[in-house]
Amino acid sequence: MKEAGVSLGPTEQTVLLNSGTRMPLLGMGTFRLQGSELVSQCVEAALAHGYRSFDTAAVYGNEAAIGQALGALLPLHGLARSDVFLTTKLGPRDQGKAEAEAACLRSLEQLACGYLDLYLIHWPGTQGKPQGDKGNRERRWESWRVLEEMHHAGHLRAIGVSNYTLGHLQELLAHSRVPPAVLQVEFHPELPQRELWNFCQQHGIHLQAYASLGCGQLLGRAEVARVAERQGRTPAQVLLRWALHQGVGVIPKSVSPTHLAENAQLWGWDLSPEDMAELGMMDCSRHYCWDPSGVT
């Protein structure tokens, strides 16, 4: 087990967050995973292949299905609630003191999990408000105060943010009583987020990647294919290991049991300096998802 912000070796599978919580470096992402039957099938496959972390969000609309699936399946795998790490996120429409408190309690009820291992503010802005709205800063600050209170009350083992820029993060650290444990952002060879990565390293914040495959667009890149051939691995495994090599957690999503199994085979091997250099040449600051740089 390593502390947040420390580079990880090929066998490390967990990271110690600044909250004292141990977090698996590999989690199952659930964006766009809909329907109780499909959710149950994917959670079943993930548990069978060793996943012990699940990432969802209020805006995904699947918290209740995930809670039901875990409640039914954990005992069948000889597991308890404490054996899995569960993350969800505050929806952008729920920024602000009263809204954030109600939303957090709603997620706890939907997931039927007793407590959350990690709760993130999903977006620095507010749904329905312009990105440049000056009230964004005050609303997300009110939301963070709610997260701090819920953390102190024991409902949230760790708290953090998602899609924050360096400026958003610096602002938060300057005023928070509880520092964020995790920053979740889009992170892949075409968007390596060097400034954010360095800042998180310096401040003990664990960086977690979403869209590690560039929404699938990076799987066919020549650089990725060459590294995959040298390593005898799939392109997806190479892209996920690229993040882990830098101490960055990953939450790949798939409805394919085969891909879920392949995506879990990330330990006991690593990328060479040559591999990292070749993948490093792909940096072009390209977002495939949301760009928060315009949010005041």
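Start by selecting Thr126: with a relative accessible area of 10%, Thr126 is buried (under 20% relative accessible area; exposed is over 50%, partly exposed in between, with a 1.4 Å probe and protein chains only). Thr126 sits in the loop between strand 7 and helix 4 (helices, H or I of at least four residues, and strands, E of at least two, are DSSP runs numbered from the N terminus). Show its contacts (heavy atoms within 4.5 Å) and, leaving aside residues up to four places away in sequence, you get Pro92, Gln95, Asn136 and Arg139.

Before moving on: this is a predicted model, where local features need pLDDT of at least 70 and side-chain atom pairs count only at pLDDT 80 or more, while totals for chains, interfaces and linings use all residues. Residues are numbered from 1 along each chain as its sequence is written, and side-chain values use heavy atoms, with hydrogens and water left out.

Next, pick His122, in the loop between strand 7 (118-121) and helix 4 (135-152). An unreviewed UniProt entry annotates His122 as "binding site"; such annotations may be inferred rather than shown by experiment. His122 counts as buried because its relative accessibility is 10%. Its contacts, again without residues up to four places away in sequence, include Tyr60, Lys89, Pro92 and Asn163.

Hop across to Asn163, in the loop between strand 8 (159-162) and helix 5 (166-175). Its phi is near 65 degrees, a positive value in a residue other than glycine. Most residues other than glycine have a negative phi. Asn163 is buried too, at 4% relative accessibility.

Now colour helix 2 (residues 63-73), where the buried residues include Ile66, Leu70 and Leu73. What do the buried residues of helix 2 pack against? You'll find helix 1 (36-48), strand 5 (53-55), strand 6 (85-90) and helix 3 (97-111).

Then go to Phe54, which touches Leu70 as well as Met28, Val43 and Phe85, among others more than four places away in sequence. Phe54, Leu183 and Phe187 touch the most other members of the largest nonpolar core, which has 82 residues (buried Ala, Val, Leu, Ile, Met, Phe, Trp, Tyr and Cys joined through side-chain atoms within 4.5 Å).

Last stop: select Phe31, Tyr210, Ala211, Lys253 and Cys289, the lining residues nearest the centre of the largest pocket (on a 1 Å grid over the protein atoms alone, an open set of points for a 1.4 Å probe with protein on both sides within 12 Å along at least five of seven lines; lining residues have an atom within 4 Å of a point). The largest pocket holds about 620 Å³ of space, the volume filled by probe spheres set on the points.
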